[in-house]
Amino acid sequence: MCQGPGRGPGWDAWNAERRMLGWRRRVRESTGRAPEPNRKRLSQDQGGGTLAIDTFPDNETKIVEDNHSYYISRMYGPNEPRTRELWVDVAEANRSQVTVHGILSNTHRQASRVVLSFDFPFYGHHLRQITIATGGFIFMGDVIHRMLTATQYVAPLMANFNPGYSPNSTVTYFDNGTVFVVQWDHVYLQGHENTGSFTFQAALHIDGRIVFGYKEIPMSVLDINSTQHPVKAGLSDAFMILSPAPDMPESRRRTIYEYHRIELDTSKVTSTSAVEFTPLPTCLQHQSCEVCVSSDLTFNCSWCHVLQRCSSGFDRYREEWLAYGCAREAEGRTCEDFQEEEHYASSLGTSFTPFDEEFTTSASSFFTDHLTTEDDTKLNPYGGRDDLQDNLSPKKKGPPVHAGVIVGIVLAVLLVVVIILAGIYINTHPTSNAALFFIERRPHHWPAMKFRNRTSHGTYTEVEPSGQEKEGFMEAEQC
């Protein structure tokens, strides 16, 4: 149940939000170099808003900057010195810090989870593990789902690559404690191997910068077929909502809403080019109410006193933000009001909050500990604000029923006593009618729960990390 961007009901709201947050394209110029003829520069097409490469008779350099609210991206062409500076030469790195993934280097459409040596800030969230995919991207989500390529990715060049085609193709990663680099080295497109091999990398820096480096791109990315696999370059993040499945009330449906995406112009992805993403401040970095509400970010930051968190309401903690009523809590209240309530509660000798009885699940378990039978991906950014609020409104408290609670406790105790006595009787009288009744009807095996994959085409299979050397070809699983 997927919607393409621009087709969902929330698209108009998304465009308005995008304009409000000040998405803009800027051009930064650095001067002071000696003139040189036939020097190329990147500039903005004032008519259609697209980018063009112009020639002018000096050595000035213009770098196009895009402000995407969460990141500023800078694209560097083949002639820019910065392009060579950003490329990480994995071959020259310390061999003890370089790993050639044996399985990913020999298979098609598989992914493997890897633990970083540092916390990497992605859209303001600190991540310690990621998932590397053979298809030219890194999955940044916590939960593996069938729409792996749709959201929560860092994609230097997402396409239908098959590293198992050639013994020279490898998927390699490098981690020195300050930068984590994944390199797809001499990989070929499935079914189009005659076009040549691709070599590119994605570097995740400890300060949050993300760099895409392109060494060999043998064809125009615009000509790559996207029928069997998405083709795109950029960043994406999303939040997940769990709701009861309509056909199975006892289970949960997992719906993923993409709240932000950066799509690069793939026509500019060429050999010896690079893209650098510099993170911008987010609400999540603020640790106190005063700093949160007084921040001058383009986001509408609000403080949730229950969670002790600053947020715009649109990040990976969206479900928890709604479940605890953080949006309503902040309406018409100041930091002084929260401090007075906290002081009053401490004077009573208790840290009880109105939500303690109803919500005891931590943020991490919201994402991983529920039985899930389906997952949907919503590609309309900021989609379903009103629907999400309705689906996740806090529970209403009813009046206390003390007598009912007491009766329930008594009945539960009596039931436990009866079960214990019955067990003792059956064990001590194995030839009794009751014992024979249970023995004759005991189950011979326990039923097994199986995951139902509803897709008809091959998807990504998660594998365990293994190997430093590329071994023989391994047949990829089909989901």
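Me: I'd like to start with the strands. How many bridges join S16 to strand S17, and do they run parallel or antiparallel?

Reply: Here's the general idea: in a regular strand the side chains alternate between the two faces of the sheet. Now for this structure, which is a predicted model. S16 and strand S17 (residues 252-263) are joined by 11 bridges, and the two run antiparallel. To follow one pairing, find Leu 235 in S16: its bridge partner in S17 is Ile 262.

Me: Which residue in strand S10 has Leu 235 as its bridge partner?

Reply: That's Val 154, whose partner in S16 is Leu 235. Strand S10 covers residues 153-158, and four bridges join S10 to S16, again in an antiparallel arrangement. So you can trace a path on the model, from Val 154 to Leu 235 and on from Leu 235 to Ile 262.

Me: Is S16 mostly covered or mostly open?

Reply: Mostly covered. Strand S16 spans residues 232-244, and 12 of its 13 residues are buried.

Me: What about a single residue, say Val 100: buried or exposed?

Reply: Val 100 has a relative accessible area of 19%, so it counts as buried, because the cut-off for buried is under 20%. You'll find Val 100 in strand S6 (residues 98-100). Try comparing sequence with space here, too: Val 100 and Val 182 are 82 residues apart in sequence, with 9.9 Å between their C-alpha atoms.

Me: Next, salt bridges. How many does the structure hold?

Reply: The general idea is that side chains of opposite charge can pair when their charged atoms come close. This model holds 11 salt bridges. One of them brings together the side chains of Arg 128 and Asp 119, at 2.9 Å from N to O. Arg 128 is partly exposed at 38% relative accessibility, and Asp 119 is partly exposed at 37%.

Me: Which residue forms a salt bridge with Glu 276, and where do the two partners lie?

Reply: The partner is Arg 209, with the closest N and O atoms 3.0 Å apart. Glu 276 lies in strand S18 (residues 273-279), while Arg 209 is in the loop between strand S14 (198-205) and strand S15 (210-216), so the pair ties together parts that are 67 residues apart in sequence. Glu 276 is buried, at 5% relative accessibility.

Me: And what about Arg 261 and Glu 258: how far apart are their closest N and O atoms?

Reply: They're 3.0 Å apart, and the two residues form a salt bridge. Arg 261 counts as buried at 12% relative accessibility, and Glu 258 counts as buried at 1%. Elsewhere, salt bridges that share partners join Arg 82, Glu 85, Asp 207, Arg 209 and Glu 276 into one network.

Me: Last topic: empty space. How many cavities of 30 Å³ or more does the structure hold?

Reply: Rolling a probe the size of a water molecule over the atoms shows where empty space is left. In this model there are two cavities of 30 Å³ or more. The second largest cavity has about 70 Å³ of space. Its lining includes Tyr 70, Tyr 123, His 125, Phe 299 and Asp 315.

Me: By class, what kinds of residues line the second largest cavity, and which domains do they come from?

Reply: The lining has seven nonpolar, four polar and one charged residues. At least three lining residues come from each of domain 1 (65-280) and domain 2 (283-344).

Conventions:
Residues numbered from 1 in each chain as written. Predicted model: local features only at pLDDT ≥ 70, side-chain atom pairs only at ≥ 80, totals over all residues. Heavy atoms only, no water. 1 Å grid on protein atoms, 1.4 Å probe; cavity = no way out; pocket = protein on both sides within 12 Å on 5 of 7 lines; lining within 4 Å. Points joined across faces, edges and corners; volume = space filled by probe spheres on them. Nonpolar A, V, L, I, M, F, W, Y, C, P; charged D, E, K, R; others polar. Domains from an automatic or database assignment. Buried < 20%, exposed > 50% of the residue type's maximum accessible area, 1.4 Å probe, protein only. Pairing = 2+ DSSP bridges. Salt bridge = Lys/Arg side-chain N within 4 Å of Asp/Glu carboxyl O.
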